[in-house]
Amino acid sequence: IESRNNFQGTGLLEKFFVNVIRHYYWFLVAIAASLMFGVRDVSSALIVVTVFVAIRVHSSIQWKPFDGVVFVYLLYSLFSYFFVEYSYPLRLYYLGIRSQIVPILFYFIARSDKFKTDEFFENFRRPLFFAMICGVYFYFFQPYFYVSYKAEVIWNNFDSDVRDLSGKLLYEFTRMSSFWPHSYFIGYSSLFLFMYSAKKIVIDECYKKFDLACFALSFFCLFFAQQRVSIAFCVVFLVLLTLYASLKKLPSRNLLYLLWVGAFFFGAGIFFIVMNYLDVDFVEYVLNRTVNYEGSLVGDRINLFDRFFREISFFGSGLGRFGHGAVAEGYLGIPDSDYVRVAAELGIVGLVILLAICLYTLFCGLKIFRYAFFEVSTLCFCLTAMIGAAVWELGTLQPFLYWFCIGHIQSKFDRREELETEYAAYFEKMRKENSDKEDEEEE
């Protein structure tokens, strides 16, 4: 009896933890909000949950050679610390495990039968929508707790002279960040929510009013967060999506045309306000940091590569050696380009394995593009953002999502013969629910 009770208890705990992963974004938002109000950081609990779920769901994975490649990359990263010529602080290795190894576990979680549907993506809509609504309120009304929290974090994290730091503070307050002190999470999340909403509206042609609200709000927040790579990718994404909808004569093309018109008038309104009501010196400062930032996006990364070229070797200098954890601990780091950082930490071997995983997955995703539209788009963005961001390592850039998308594409590719039937049944169910709801509203 005691053994049976223990088994049932473990089963309940597993079910609870799996649901935590399914609603992972709610916990990310809750943790960020709690930090704003001075509550202790409990993100370590999410790491424990992730490890537990990855271990428990491994038995439901239909393993294939590609899974072995990802597992080899995980082990290679994990043991890289023990094979470097010159040792480095163990804490940097620990921070590397937290920031890089734990997200890889989401690949195996996505490969399990418990996550074979799009439920994980469906579930991130409401927490992100909530975070963006709060972000809009904080941005335009500037409540005291928001201003004091953001100013304190930025002030403590920058080692600059007072004048430059004051300019940095003012600049950061022009970027929407919601519960986070910096705009990275909202800037990236806005793009993800926009792409997923676009998938449901344009590609699937099966959506609710809430999806339209997500589509509009995420597009608005994307530009106010002022993340260059997210904005640039969104523009390219929107151009290609509009061309596709126009060529296919999809009903949703009119919505995309409306979005372009609205964006034009919105941009014109912002330009008028900036030119007539804001201080010229401040506008020049913001434009310099947003567009130029003492160099160019590509030029700065080439300089970064030149600076760290001597650190790149065949097997690398070890996990966590040059990440954001190293920078936070006062060591030399590479916070702005994962093509350079991965090559420096894990060597040419590590970078080649990682890119092989991504490119092969893209190849598989393109074969089932209609059913993996969001995952493929997200992975393309990841490979683009790697030029100037630590997408595989910095938590606010959501590395777990990229690994989840890779695993999800592989799972969908394995059952590609069944996808058409699965999605047809899903769309039929959604349309019936929408129809029933409309009937209820008419009554």
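Colleague: In which helix does Cys-382 lie?

Modeller: In this predicted model, Cys-382 lies in helix α18, which runs over residues 373-385.

Colleague: Why is Cys-382 called buried?

Modeller: The relative accessible area of Cys-382 is 0%, and a residue counts as buried when that value is under 20%, so Cys-382 is buried.

Colleague: What does Cys-382 touch, leaving aside its neighbours within four places in sequence?

Modeller: With those neighbours left aside, Cys-382 is in contact with Val-391, Trp-392 and Tyr-402. As for Trp-392, its C-alpha lies 8.5 Å from that of Cys-382, while the two residues are ten apart in sequence.

Colleague: Trp-392 also makes me think of Gln-100; where is Gln-100 found, and why does Gln-100 count as buried or exposed?

Modeller: Gln-100 is found in helix α5, residues 90-111. Its relative accessibility is 7%, and because the limit for buried is under 20%, Gln-100 counts as buried.

Colleague: What makes the approach of Gln-100 to Arg-341 a polar contact?

Modeller: The two side chains come to 3.1 Å, and a polar contact needs a suitable pair of N or O atoms within 3.5 Å, so the side chains of Gln-100 and Arg-341 make a polar contact. Not counting neighbours within four places in sequence, the residues in contact with Gln-100 include Arg-341, Glu-345 and Trp-392.

Colleague: How do you know that Lys-150 is buried?

Modeller: Lys-150, which is found in helix α8 (residues 144-157), has a relative accessible area of 1%; buried means under 20%, so Lys-150 is buried. Its side chain reaches the backbone oxygen of Arg-175 at 3.0 Å, and Arg-175 is also one of the residues that Lys-150 touches, together with Glu-172, Phe-173, Ser-177 and Pro-181, if residues up to four places away in sequence are not counted.

Colleague: Why is the pair of Phe-194 and Phe-215 called stacked?

Modeller: The ring centres are 4.7 Å apart and the planes stand at 15 degrees; rings pair if their centres lie within 6.5 Å, and planes under 30 degrees apart count as stacked, so this pair is stacked. Phe-194 lies in helix α10 and Phe-215 in helix α11, so the pair ties together parts that are 21 residues apart in sequence. Both Phe-194 and Phe-215 are buried.

Colleague: What makes the aromatic pair of Phe-121 and Phe-404 edge-to-face?

Modeller: Here the angle between the planes is 85 degrees, with 5.5 Å from centre to centre, and because planes over 60 degrees apart count as edge-to-face, the pair of Phe-121 and Phe-404 is given that name. Phe-121 lies in helix α6 and Phe-404 in helix α19, so the pair ties together parts that are 283 residues apart in sequence. Phe-121 and Phe-404 are both buried.

Colleague: How do you know that Arg-126 lies over the face of Phe-210?

Modeller: Arg-126 is at 4.8 Å from the ring centre of Phe-210, and the limit of distance is within 6 Å; a limit on the angle to the ring normal applies as well, and Arg-126 is found to lie over the face. Likewise, the charged end of Arg-22 sits over the ring of Phe-115, 5.5 Å from its centre.

Colleague: Which residues of α3 are buried, and what puts them on the same side?

Modeller: The buried residues of α3 are Leu-46, Ile-47, Val-49, Thr-50, Val-53, Ala-54 and Val-57. They cover an arc of only 160 degrees around the axis, which puts them on the same side of α3. The face turned away from that buried side carries Val-48 and Ile-55, which are exposed.

Definitions and conventions: Residues numbered from 1 in each chain as written. Predicted model: local features only at pLDDT ≥ 70, side-chain atom pairs only at ≥ 80, totals over all residues. Heavy atoms only, no water. Buried < 20%, exposed > 50% of the residue type's maximum accessible area, 1.4 Å probe, protein only. Helix = DSSP H or I, 4+ residues; strand = E, 2+ residues; numbered from the N terminus. Arc of directions from axis to C-beta. Phe/Tyr/Trp six-rings, centres within 6.5 Å; stacked < 30°, edge-to-face > 60°. Lys NZ or Arg CZ within 6 Å of the ring centre and 35° of its normal. Polar contact = N/O pair within 3.5 Å; in protein donor to acceptor, adjacent residues only side chain to side chain. Contact = heavy atoms within 4.5 Å.
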